[in-house]
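Morning, everyone. Please have a look at the structure on the screen while I talk.

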Amino acid sequence: MADTAGSLALVLHAHLPYVRHPEWPHFFEEDWYFEACCETYIPLLNVMGGLSNDGVDWRLTMSLTPTLLSMCRDGLLQDRVRGYAEERRELADREVYRLRNEPDMQALAVMYRDHYEGCLGVLARCGSDLSREFDAFERAGHLEIVTCGATHGYFPLLGLPPQAVRAQVQVAVQLHQSVFGRAPRGIWLPECGYLPGHERYLHEAGLRYFFVEAHGVLFGCPRPRFGTYAPVVCDGAPVAAFGRDVESSKQVWSSKEGYPGDYWYREFYRDVGWDLDH
């Protein structure tokens with residue numbers, strides 16, 4: 001039997017609900033966006049930049065949802081994400097001094113100070129609009145950016161009336177094109193939810209493929225020969241469905257089998273200002 005080469009598609013889904021509250025100087029839900037920028041998106045951009053600087057010909061597919069893109073490009077949130085990083089860099093500076101006689105703990109504070117200093121550098125470089133950084137990697141041929149539903153609404157629950165799903169797709173594609181100057185080829189269905197027939201709206205919007213939950217492929221009729229290990233072309237329109245791999249999903253999401261349940265997984269919501277004695 002001849003050897004056959006397989007293909008692995010690495011796909012990341014980047015989404016946040018739209019949170020913007022100009023009526024308050026600080027609003028808790030906005031921290032979701034600021035934390036994601038400093039703890040996820042900027043570190044990811046740094047990895048991409050490191051691979052490119054090392055001459056690695058890397059490839060990755062990633063969604064940037066319309067709500068997330070809208071926040072990246074919002075002037076108020078751009079100012080506030082810089083302020084968020086500056087505040088935490090200042091806190092880390094104070095921790096470096098407070099822990100001056102505890103070198104083991106001080107090293108952690110130094111790491112965070114350097115981290116937020118690096119975040120501020122990236123924000124300064126792109127005018128606090130991280131979509132510009134991802135765009136540069138796509139233009140270089142390493143990254144493919146796909147879209148999602150306009151508001152991340154769950155399509156199976158928006159099916160009545162069906163115009164709602166069509167609008168979610170059309171608005172998403174239009175926003176993506178306005179931001180990047182080119183239309184997306186693929187879409188990560190919100191929550192990977194799909195109903196037969198929705199592929200017509202995707203095809204109408206110029207989309208060629210979508211990502212769906214594993215059971216959307218495995219319970220197909222007839223059941224696809226290769227399960228989730230090969231794309232499946234829909235009957236209703238020439239659009240391909242990629243099923244999400246079950247085991248990989250568990251590694252990311254499961255508290256029992258994935259890294260979120262590991263002892264060394266960082267507890268993100270501890271607050272030194274609350275925990276320390278005053």
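I'll go through salt bridges, then one buried aspartate, then a surface patch.

A word of caution before we start: this is a predicted model.

Salt bridges, then. How many does a search of the whole structure find? The count is 20. I'll pick out a few.

Start with D57. Its partner is R59, and the closest N and O atoms sit 2.6 Å apart. Is D57 buried or exposed? Exposed, because its relative accessibility is 57%, and the cut-off for exposed is over 50%.

Next, a pair within a helix. R94 and E90 join their side chains in a salt bridge, at 2.7 Å from N to O. Both belong to helix α3, residues 75–98. They are four residues apart there, so about one helical turn separates them. Now look at accessibility. R94 has a relative accessible area of 54%, so it is exposed. E90 has 40%, so it is partly exposed.

Now a pair of another kind. The side chains of E213 and R244 form a salt bridge, 2.6 Å from N to O. This one links distant parts of the chain, with the two positions 31 residues apart in numbering. Where do E213 and R244 lie? E213 is in the loop between β5 (209–212) and α8 (214–218). R244 is in the loop between β7 (240–243) and α9. E213 counts as buried, because its relative accessibility is 18% and the limit for buried is under 20%. R244, at 24%, counts as partly exposed.

There is also a network. Salt bridges with shared partners connect D135, E138, R139 and R182.

Let's stay with D135. This residue lies in helix α5, residues 130–139. Its relative accessibility is 14%, so D135 counts as buried. What does D135 touch, leaving aside residues up to four places away in sequence? The answer is I145, F180 and R182. So R182 turns up twice: as a contact of D135, and as a member of the network.

Last stop, the surface. Which residues make the nonpolar patch of about 490 Å²? They are V252, W253, Y259 and Y265. Take W253 from that set. W253 is placed in helix α9, residues 246–253. Its relative accessibility is 65%, so W253 counts as exposed.

To recap the two residues I'd look at again on screen: D135 is buried, and W253 is exposed. That's it from me. Thanks.

Technical notes:
Residues numbered from 1 in each chain as written. Predicted model: local features only at pLDDT ≥ 70, side-chain atom pairs only at ≥ 80, totals over all residues. Heavy atoms only, no water. Buried < 20%, exposed > 50% of the residue type's maximum accessible area, 1.4 Å probe, protein only. Contact = heavy atoms within 4.5 Å. Patch = residues over 30% accessible without salt bridge, like charges linked within 9 Å, V, L, I, M, F, W, Y side chains within 5 Å. Areas by Shrake-Rupley, 256 points an atom, 1.4 Å probe, with all protein chains shown as cover. Salt bridge = Lys/Arg side-chain N within 4 Å of Asp/Glu carboxyl O.
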